[in-house]
Amino acid sequence: MASLATMQAVSQLTPGCTVLNRQSNASTASTSSGFVGVRPTLPVRRNSQCCKKQVTASALRKEEEGNKKGWKNAAAAVALSAALQFSGVANASDFDVLREPAPTEKHFVDDAGVLSRISKGELTRELTQFEKEYGYHIDVVTTRKLQSRGDVFEYADNLLEKWYPTLEEGDKKGVVVLITTAKEGAVAGGPAFNAAVGETVLESIATESLPILATDEKYNEATLSSVKRLMAAIKKLPDPGAPQVADTKRVSNFKTKEETSDKRGQFTTVVVGLLIIAFVVPMVQYFGYVRK
């Protein structure tokens, strides 16, 4: 009993120690040295908190990686969208314009993307006022290239028929078409429109104003000047005229064949004269010395 009490006391005073019960009736076995068989029990170390921290850190890393991937995907989507929009402008063609409705209010379809904001505003403002005063409607169309069959004149006629299918709708309508890649243009209009403008001005715009300025990539000037010529013709005002072709003839620094021949003759005369002088003068001096 005393040894049992001693074991209990030791157990209470020594935390983390476990009394070794080797017998089922709670009797203890004494060692040879007289001490009670008490084995210290190490406290159980639980790594639950550490595991929680590791799991939390792993989850945070995964969340950060997911966020990074999400931002990368979003940026890629934005870049792809911008590229598609840009490629849509760069690959614009005549079919895109044919699917467009008639620009009855803004008076232009800049499918090629070459008109500036100032030019667009000027076209809308002047052509709207012109239609109110004179009853003639003019549209301006720019596109990069023709993929449909036919030339630019046929394409302009197709636009006019598509936008204004009846004779009454298209009688006083006109369309100015500019193809930026081919550097060419055309004007199509209804019967009343063509009669008011005149064949001379229509042909001059198609063969001079549009191609000359488009060759120099002056697309804004090409469209604005063509529209002003059409409005002046309908108003019965003097024609501003087509742009003048710049004289690109270069002045050469080389002599022409005629100039070279003339110079060669002069040089020959001088050389022969010098040779004669060099031969005759010493001989004359020699004969004079001998006579003396």
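The questions and answers below walk through a predicted model, moving from its core to its salt bridges, its surface patches and some residues in loops.

Trainee: What should I know about how this model is numbered and filtered?
Mentor: Residues are numbered from 1 along each chain as its sequence is written, and side-chain values use heavy atoms, with hydrogens and water left out. Because the model is predicted, local features need pLDDT of at least 70 and side-chain atom pairs count only at pLDDT 80 or more, whereas totals for chains, interfaces and linings use all residues.

Trainee: Which element supplies the largest share of the largest nonpolar core?
Mentor: A nonpolar core is a set of buried Ala, Val, Leu, Ile, Met, Phe, Trp, Tyr and Cys residues joined through side-chain atoms within 4.5 Å, where buried means under 20% relative accessible area, exposed over 50%, and partly exposed in between, with a 1.4 Å probe and protein chains only. The largest such core has 30 residues, and Leu-123, Ile-138, Phe-193, Val-197 and Leu-230 touch the most other members. At least two residues each come from helix 4 (117-134), strand 4 (137-143), strand 5 (173-179), helix 7 (191-197), helix 8 (199-215) and helix 9 (219-234), these elements being DSSP runs numbered from the N terminus, with helices (H or I) of at least four residues and strands (E) of at least two. The largest share, eight residues, comes from helix 9.

Trainee: How many salt bridges does the model have?
Mentor: Side chains of opposite charge can pair when their charged atoms come close. The rule here asks for a side-chain nitrogen of Lys or Arg within 4 Å of a carboxyl oxygen of Asp or Glu. By that rule the count comes to three.

Trainee: Which residue forms a salt bridge with Lys-120, and what are the places of the two?
Mentor: Lys-120, which is partly exposed at 28% relative accessibility, lies in helix 4, while its partner lies in strand 3 (residues 108-110), so the pair ties together parts that are ten residues apart in sequence. That partner is buried, with a relative accessible area of 15%. With the closest N and O atoms 3.8 Å apart, the partner of Lys-120 is Asp-110.

Trainee: How many residues apart are Lys-228 and Glu-122, which form another salt bridge?
Mentor: The closest N and O atoms of Lys-228 and Glu-122 are 3.9 Å apart. Lys-228 is partly exposed, with a relative accessible area of 40%, whereas Glu-122 is buried at 16%. Lys-228 in helix 9 and Glu-122 in helix 4 link distant parts of the chain, the two being 106 residues apart.

Trainee: In the salt bridge of Asp-239 with Arg-229, how far apart are the closest N and O atoms?
Mentor: Asp-239 lies in the loop between helix 9 and helix 10 and Arg-229 in helix 9, so the pair ties together parts that are ten residues apart in sequence. Asp-239 counts as partly exposed at 39% relative accessibility, while Arg-229, at 3%, counts as buried. The closest N and O atoms of this pair are 2.7 Å apart.

Trainee: Which helix holds Phe-279, a member of the nonpolar surface patch?
Mentor: Patches are made of residues with over 30% relative accessible area and no salt bridge, like charges being joined within 9 Å and nonpolar side chains (Val, Leu, Ile, Met, Phe, Trp, Tyr) within 5 Å. The nonpolar patch, which includes Val-272, Phe-279 and Val-290, has about 1,100 Å² of accessible area together, areas being computed by the Shrake-Rupley method with a 1.4 Å probe and, for residues, only the protein chains shown as cover. Phe-279 itself is exposed, with a relative accessible area of 60%. Its place is in helix 10 (residues 257-291).

Trainee: Is Lys-236 buried or exposed?
Mentor: Lys-236 lies in the loop between helix 9 and helix 10. Lys-236 has a positive phi of about 65° although it is not a glycine. At 63% relative accessibility, Lys-236 counts as exposed.

Trainee: Where is Lys-183, which has a phi near 60°?
Mentor: The phi of Lys-183 is a positive value in a residue other than glycine. Lys-183 is partly exposed, with a relative accessible area of 23%. Its place is in the loop between strand 5 and strand 6 (184-189).
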